Amino acid sequence: MTVINESEAEERAYVETLLGKLRQAIEQMNEGISSSYREIIEAKKYVWENIGQLDPAERAANRIEIGLSIDAGEKSKDNLRKLYKLEQSPFFGRIDFRRDGESKPEPYYIGIHSFSEGDNQTNLIYDWRSPVASLFYDFGIERASFQAPEGRIKGEITLKRQYKIKDGALDYMIETSLNINDDVLQKELSGNTDEKMKNIVATIQKEQNAIIRNETSKELIIQGVAGSGKTSVALHRIAFLLYKYKGSLSSKNILILSPNKVFSDYISGVLPELGEENMLETEFEDLAAGELAGICPFQTFHQQVAELTEHNDDGARERIRFKAATDFVKKMESFIAYADQAFFSPEDIVVDPFFISKEEVKIGYESLDRMPLKPRLDKLAAQLSAQCRNSDGDKPDPSSAKKIKTAVKKMFRYSGLLPLYRELYNYLGRPELFKYSVPKTKTVEYCDVFPLVYLKHYFEGLTPYEFVKHLLVDEMQDYSLIQYAVLSILFTCKKTILGDASQSVNPYSSSSLPEISGMFPGAETVELNKSYRSTLEITNFAKKVKPNDTLIPVERHGEEPQILKCLDASEQLLRIGELLDDFFASEHHSMGILCKTMKQAKDLYDHLKIDRQAVYLLDFKSIRFHEGVIITSAHLAKGLEFDRVLVPFADDETYNSELDQSLLYIACTRAMHQLKLTYSGNPSPFI
Ligand SMILES: Nc1ncnc2c1ncn2[C@@H]1O[C@H](COP(=O)(O)OP(=O)(O)OP(=O)(O)O)[C@@H](O)[C@H]1O
């Protein structure tokens, strides 16, 4: 390529030239799509009209051909969408790179997708995920190198530019010697929220790029402070892996374990924006629901959190803590080893005329110790039947084999998972720690759900999700170690696990970074300490709510957070109403009114004199994220962000415990540009 484009005017002209080429490509592709659809219709018509004359082989061949044409059409439509996207903004970066041994640098324009022209497919725009594009994220004007399929390419970057092109017009251009110029990042960060999470391709930071392009870790654990881009980076990483392993990895092989449906909806725009399909998504407890179906209904995580935040139940806290403790997985393993011996009592089997000694039973049982118990007993019975003979040398008939099977099964003291699970607490000398009140609720507590699933792995076996080739776990701090133990059994694939120890909604069963790493020997751990979401003033305020020395705020200024004291509850309602009016009159797009509990959020929604069309109550049943005003709990707001955040009821009765401190911190760190808190009575000790 011989583009030079020294001046801004030349760059503007180059944008125009590129747009012309893009439009031409769009036109050609549209024509191609229309004509191939015409052909498909013709082919279908032909089959329909001649159905009687075509033999089965011809019909099958026609069907296959039509199917292939439809697939090709869909692919072209995908490419067309990418071209339309490029027409809006063809590129956002440029680097001129002189390879060692060459005399002149070559310019590379970087965009959200690649674009090439001519028969020899000259690359005019490079996809941000292409090997050469990593130069843009990793280096300034300096010696540089990148990993190409043919090996590491070394050289020198001689020019680096960043651009903002909106609706096909060059808005600004910045020449920089740095990695990603701060001015461009500042401009991006000071904008208002979109309805959903947006891509950050133009301003990915060097440390983020290292995570996105990491291909070596089997498990990559990302601990990142609030607003450090963990979720964004994880999604870009998926887009990168889909690009890199196009033939062998598709979005259907990727599963995200997300905290709730609203969060899934909130992040659902990023991958399509990057030209990829959305991945599969589920919640942790959906995994348990599949495994415990028909065994027992259970309390949900949200119900557990609601109970913890609304009632002061020391017993519940103790049960949760005990089952989330670091040594609990070990305790379960020791119980399983004990149960395997203590609850199996080998006996002589007499099914006339057959006899099997208890020694034979014991040897057979021990030799099958790699299998889950139930299939193991079935196999043991089948083996014993196959081996035994009567005095005539005959094998047992089906009826005798069935009796042998029944005899073997009875040798294990428990036939159901729940009674065996109850035994765990007798074994540990803490029977009071299993609360299962049949027939009152018939529901097990959430803290028992994953210990039960783990025990089921021993008792009946679990079925691994083999189609999943990459698992993404968000909000890692909210999962206990026993959940990770279950995860390791269900998913043997590569994993990206991310979260923030300071943002636990349930400190009694949260896990720290060292604990999680301990569950995955060989995992690589990275930390992101720079926070991009909030202004410096908001971040400093949040750091006072919950001190966090590792958090480095990005230098972006805004108004100081305000704590508004109200005389009583009714004045507080009035104040909140005024703040809402102020929001509606502003240029901001989103406002979160974040309460400690869902009950408070619901009551506030009911009592506020507001236009219900303009304000949404987000609860645990919600499946959509909405632009505008959202009233919800801190728990549900996790992972989301708003231009403005209002935290009502910031008094000492509402926020006083360790859990409350976490929730208040989460609520405050959702704010990008403005944060206000209201209270009546005494302020919370955390503000
Ligand atoms: N390199 C970047 N360029 C521009 N914006 C960025 C960058 N990194 C992060 N951001 C922005 O910072 C905000 C926070 O990102 P994200 O939600 O991914 O962070 P997080 O670490 O998952 O946050 P939290 O844990 O608080 O929910 C988003 O608005 C995101 O677009």
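Here are some worked exercises on the ligand site, a pocket and the domains of this predicted model.

**Exercise 1. Find the residues around the ligand and say which come nearest.**

Step 1. Start with the shell: 22 residues surround the ligand, and the nearest of them are T203, Q208, K230, S232 and E641.

Step 2. Now sort the shell by residue type. You should get 8 nonpolar, 10 polar and 4 charged residues.

Step 3. Next, look at the helices. Both α4 (182-190) and α6 (230-244) give two or more residues to this shell. The largest share, 3 residues, belongs to α6.

**Exercise 2. Which atoms of G227, G229 and S232 lie close enough to an oxygen atom of the ligand to pass a 3.5 Å cut-off for polar contacts?**

Step 1. Take G227 and use its backbone: an N or O atom there is 2.9 Å from a ligand oxygen.

Step 2. Move along to G229. Here too a backbone N or O atom is found 2.9 Å from an oxygen atom of the ligand.

Step 3. For S232, turn to the side chain, where a polar atom sits 2.6 Å from an oxygen atom of the ligand.

Step 4. Finish with the surface of the ligand. On its own the ligand exposes 640 Å², and 97% of that is buried by the protein.

**Exercise 3. Place the ligand relative to the domains.**

Step 1. Write down the assignment: domain 1 (8-179), domain 2 (198-290 + 464-531), domain 3 (345-412) and domain 4 (545-680).

Step 2. Check which domains reach the shell. The ligand lies between domain 2 and domain 4, because both give residues to the shell around it.

**Exercise 4. Describe the second largest pocket, from its volume to its lining.**

Step 1. Begin with the volume, which is about 770 Å³. The lining has 22 residues, and D78, K82, K246, G275 and E276 are the closest to the pocket's centre.

Step 2. Sort the lining by type: 4 residues are nonpolar, 6 are polar and 12 are charged.

Step 3. Trace the lining back to helices. At least two residues each come from α2 (56-88), α6 and α8 (270-273). The biggest contributor is α2, with 6 residues.

Step 4. Bring in the domains once more. Domain 1 and domain 2 both supply lining residues, so this pocket lies between them.

**Exercise 5. How far apart are the C-alpha centres of domain 1 and domain 4?**

Step 1. Select domain 1 as 8-179 and domain 4 as 545-680.

Step 2. Take the C-alpha centre of each; the two centres are 43 Å apart.

Key
Residues numbered from 1 in each chain as written. Predicted model: local features only at pLDDT ≥ 70, side-chain atom pairs only at ≥ 80, totals over all residues. Heavy atoms only, no water. Near = heavy atom within 4 Å. Polar contact = N/O pair within 3.5 Å; in protein donor to acceptor, adjacent residues only side chain to side chain. Areas by Shrake-Rupley, 256 points an atom, 1.4 Å probe, with all protein chains shown as cover. Helix = DSSP H or I, 4+ residues; strand = E, 2+ residues; numbered from the N terminus. Nonpolar A, V, L, I, M, F, W, Y, C, P; charged D, E, K, R; others polar. Domains from an automatic or database assignment. 1 Å grid on protein atoms, 1.4 Å probe; cavity = no way out; pocket = protein on both sides within 12 Å on 5 of 7 lines; lining within 4 Å. Points joined across faces, edges and corners; volume = space filled by probe spheres on them.
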